[in-house]
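Please read this short report with the sequence and the 3D view side by side. It moves from one element to the next.

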Amino acid sequence: MPVEMITGSQAAATAVQRAGVDLVVAYPITPQTAIVETLAEYWARGELGGEYVNAESEYASLAYCSGAASAGARTFTATSSHGLAYMHEMIHWCAGARHPIVLANVNRAMGAPWCLEPDQIDSLSQRDTGWIQLYCANAQEVFDTILQAFALAESVLLPCMVVFDGFYVSHTYEAVDIPPRDTVARFLGPSCFAAQVDPGRPANLHGLIGAEAQSRLVLSRHRAMERVWETLREINDRFAALFGRSYPAVEGVACEGAKTLLVTAGSCAETIKSVLPALDGTGLLRLKAVRPFPARELRTRVEASGAETVIVVDRNCSPGLGGILAQEVKAALYGAAAAPPVQNLILAGGVDLTPWMLKRILDGSLFTGGGGPDREVWGVDLA
Amino acid sequence: MVRVEHLNQTFLRTKKLPHIWCPGCGNGIVTAALVRAVERAGFAQRDVVIVSGIGCSSRAAGYLNFNTLHATHGRALAFATGLKLSQPQLKIFVIMGDGDCSAIGGNHFIHAARRNIDLNAVIINNYIYGMTGGQHSPLTPAGRKSTTAPAGTLERPFELLELARGAGATFGARGSAAQPRQLEQLIVQGARHKGFAVIEALSPCPTYYGRKNRQGGPVEMLRALKDSSVSVEGASGLDPAELSEKLVTGVIYVKDAPEYTEQYYRSTGKEPG
Ligand SMILES: Cc1ncc(C[n+]2csc(CCOP(=O)(O)OP(=O)(O)O)c2C)c(N)n1
Ligand code: SF4
């Protein structure tokens with residue numbers, strides 16, 4: 001299989017091209033821009049297959065996708081940070097309308113003031129909208145996840161956000177296996193979900209409804225999220241058979257018998273993996289899916305490991321509560337047999353996780369002492 | 001003999017210099033024209049506020065030693081509207097890029113014009129999104145290349161000053177980095193005008209627009225700007241075919257109409273503040 005040295009952004013764009021997308025809508029924002037620029041080059045060379053248009057804002061980008069998806073088109077857009085925040089109304093809307101759009105979000109901090117660093121707050125702020133959220137740790141995973149995202153979204157009819165860290169993943173060159181388009185086509189055929197706008201059957205879409213009807217629709221999205229587990233397993237099986245790689249909702253490394261489990265999402269997991277061999281008694285649980293949240297699986301794995309401590313590494317913070325993933329992990333462990341304390345390393349602002357920082361937090365002394373069992377430590381305070 | 005005149009250093013945050021702009025970028029020339037215009041207009045430093053959006057051009061706010069406010073992308077005029085309404089005595093200059101003003105911020109632009117609120121919008125038009133690396137904007141001429149239109153954009157550009165006029169702006173002027181003295185004059189006139197003043201300042205972005213469209217280096221781009229410029233008076237003698245090749249500079253329109261902040265306080269009977 002051809003291996004190329006490309007960035008995470010180029011991997012995303014190449015996957016979109018291989019996926020046989022019908023429409024790409026572009027609006028630039030750092031650190032996402034290289035994705036839509038690479039797609040523009042495909043289009044200009046006549047190699048995109050589908051259509052490519054530039055929008056006047058991110059809001060418009062997602063609205064264009066929504067319109068095209070209503071007609072049954074496979075659509076893609078990419079953004080980051082303020083762009084994603086500006087889309088917020090449309091993000092809800094596309095989930096409600098059950099458009100299987102795939103959006104790549106490259107994590108970046110939110111202002112004020114302006115900051116380009118890879119805080120995850122942008123995508124995590126959108127976790128209640130009804131989008132599937134899949135987090136990637138490296139460029140290969142970005143490529144593979146985009147392909148899987150189209151299959152998954154179109155199967156359960158929910159939009160899917162493929163998320164990866166700005167710069168660490170988006171701008172770093174890595175070796176990526178890039179299967180040719182015909183092989184990809186064996187995994188992902190052309191889109192075949194039903195068009196909502198059908199000239200043969202005129203309808204009034206998305207008009208005003210009451211509370212009960214709305215409740216049923218929310219419930220149906222909630223149920224569709226539950227179907228993600230089964231569908232994702234099937235997709236991974238098919239993907240592994242063709243490409244030899246798969247991405248379970250929770251990835252475990254060295255968990256068995258670990259005293260301490262580190263939990264994170266995104267590229268922090270790569271740093272952790274690189275130092276795990278040198279860290280006795282420490283394992284990693286990486287959250288691939290954040291929505292739906294793999295609570296059951298996480299609980300089972302933590303219980304099975306017998307770990308005494310869970311440390312969640314959050315490159316984000318919900319002020320007034322703490323790291324967002326830590327809160328989700330705590331909720332998932334509620335009621336678990338002998339649930340271990342959940343501690344939190346917060347890297348909000350996009351602070352880099354260094355091997356040195358990991359060693360400091362794992363020596364245990366930082367989290368013991370005052371502050372109760374669920375203490376948090378801020379990376380910036382680790383001088 | 002060219003008279004060398006140093007910029008009023010008290011109006012600059014000299015500690016922030018050197019600026020981040022590329023060599024040959026027009027942003028510095030336009031910013032200098034603005035500094036001289038503020039001085040020439042005789043405004044007190046404490047009364048001047050610079051509001052900017054986001055883009056290379058909007059970085060100017062960081063170098064100017066007034067109250068300065070970096071807003072979100074495209075929303076500088078909305079921030080400035082709130083500020084002007086609460087402190088009508090302020091002299092507010094809103095610096096925007098062509099993308100910031102006319103794409104994501106297009107809505108605020110037409111509504112500021114419609115209200116005829118007394119703000120001075122200085123749009124640094126380099127025909128490109130500079131900060132994000134060279135994508136086309138709604139002011140990029142059709143056919144020109146960008147990173148998101150490698151084969152040239154199909155889209156028709158706005159005529160910015162006509163858009164503003166149609167929406168209700170009462171002062172519209174065009175200048176360029178190639179003629180900074182004239183630009184300075186235009187900014188002064190706009191600032192003295194009561195109502196929404198739009199100053200479009202054409203400016204070279206050699207790094208992206210220039211390279212993508214083979215416009216040569218900064219010198220060639222400035223020369224091309226200068227050579228294609230014709231004053232409003234000069235333009236009156238040209239036929240439409242000749243005119244379509246030209247960049248008409250000067251005050252394109254000016255008229256009187258009620259100003260929004262004044263109207264507002266008159267209607268409420270309250271004193272500002
Ligand atoms: C909501 C949002 N979307 C996108 C961006 C990214 N962005 C920053 S500057 C810019 C465009 C700048 O172009 P222009 O306004 O023409 O100014 P220039 O850099 O050319 O001076 C964009 C798209 C952003 N900051 N916020
Ligand atoms: S990219 Fe263009 S607009 Fe931005 S500083 Fe460089 S020359 Fe100026």
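In this predicted model, B:Val51 stands opposite B:Val94 in strand β3 of chain B. B:Val51 belongs to strand β1 of chain B, where B:Val49 and B:Val51 point one way and B:Val48, B:Ile50 and B:Ser52 the other. Strand β1 covers residues 48-52 of chain B, and five of its five residues are buried, so this strand is largely enclosed by the rest of the structure.

β1(B) has pairings with β3(B) and β2(B) to look at. With β3 (residues 91-97), β1(B) pairs in the parallel sense over five bridges. With β2 (residues 67-70), the pairing of β1(B) is also parallel, over four bridges. There, B:Ser52 stands opposite B:His70.

**A helix in chain B**

Which residues of helix α9 of chain B are buried? They are B:Met221, B:Leu222 and B:Leu225, in a helix that spans residues 218-228. These residues cover an arc of only 95 degrees around the axis, which puts them on the same side of α9(B). On the other side, B:Val219 and B:Asp227 are exposed. The buried residues of α9(B) pack against β5 (171-176), β6 (197-202), α8 and β7 (229-231) of chain B.

**Where the chains meet**

The contact between the chains takes 16 residues from chain A and 18 residues from chain B. Helix α2 of chain A (residues 33-44) gives six residues, the largest share of the chain A side. By class, that side of chain A has seven nonpolar, six polar and three charged residues.

**The ligands**

Ligand 1 is surrounded by 23 residues. The closest are B:Gly55, B:Gly97, B:Gly99, B:Asp100 and B:Gly130. Why is the site of ligand 1 described as shared between chains? Residues from chains A and B surround this ligand, so both chains take part in the site. Helix α4 (81-86) of chain A and helix α4 (98-104) of chain B each supply at least two residues of the shell. That shell divides into nine nonpolar, 11 polar and three charged residues.

Around ligand 2, the residues include B:Trp21, B:Cys22, B:Cys25, B:Asn27 and B:Cys56. B:Asn126, B:Gly130, B:Cys205, B:Pro206, B:Thr207 and B:Tyr208 are also among them. B:Gly130 is listed for ligand 2, and B:Gly130 is one of the closest residues to ligand 1. Helix α8 of chain B (residues 206-212) gives the most to the shell around ligand 2, with three residues. This shell has seven nonpolar, four polar and no charged residues.

**A sheet in chain A**

Six strands of chain A form an open sheet in the order β9-β11-β10-β13-β14-β15, with mixed pairing. The edges are β9 (250-253) and β15 (376-378); each has a single partner strand, so one side of each is left without a neighbour in the sheet. Neighbouring strands of this sheet are turned by 20 degrees against each other on average, direction ignored.

At one edge, β14 (residues 342-346) of chain A runs parallel to β15(A), and three bridges join them. A:Ile346 stands opposite A:Trp378 in β15(A). Helix α12 (residues 324-333) of chain A lies across β10 (260-264), β11 (282-287), β13 (309-314) and β14. This helix runs at about 145 degrees to β13(A).

**Backbone exceptions**

Most residues other than glycine have a negative phi, and most peptide bonds are trans. Some places in chain A depart from this pattern, as the table shows.

| Place | Feature | Angle |
|---|---|---|
| A:Gly111 to A:Ala112 | cis peptide bond | omega near 5 degrees |
| A:Ala112 and A:Pro113 | cis peptide bond | omega about -10 degrees |
| A:Leu157 | positive phi | phi near 55 degrees |
| A:Ala338 | positive phi | phi about 50 degrees |

A:Ala112 sits in the loop between β5 (102-107) and α6 (121-124) of chain A. A:Pro113 is found in the loop between β5 and α6 of chain A.

A:Leu157 lies in the loop between α7 (139-156) and β7 (160-165) of chain A. With 17 C-beta neighbours inside 10 Å, A:Leu157 counts as partly exposed. A:Ala338 is placed in the loop between α12 and β14 of chain A. A:Ala338 has 10 other C-beta atoms within 10 Å and is exposed.

Technical notes: Residues are numbered from 1 along each chain as its sequence is written. Chains are lettered from A and ligands numbered from 1 in the order in which they are written. This is a predicted model: local features need pLDDT of at least 70, side-chain atom pairs count only at pLDDT 80 or more; totals for chains, interfaces and linings use all residues. A residue is buried if 20 or more other C-beta atoms lie within 10 Å of its own, exposed if 12 or fewer, and partly exposed in between; C-beta atoms are placed from the backbone. Two strands pair if DSSP finds at least two bridges between them. Two residues are in contact if their C-beta atoms, placed from the backbone, lie within 7 Å. Ala, Val, Leu, Ile, Met, Phe, Trp, Tyr, Cys and Pro count as nonpolar, Asp, Glu, Lys and Arg as charged, and the others, Gly among them, as polar. A residue is near a molecule or strand if its C-beta atom, placed from the backbone, lies within 6 Å of it. The arc is that of the directions from the helix axis to the C-beta atoms. Axes are lines fitted to C-alpha atoms, for helices over the stretch in contact, and angles run from 0 to 180 degrees between N-to-C directions.
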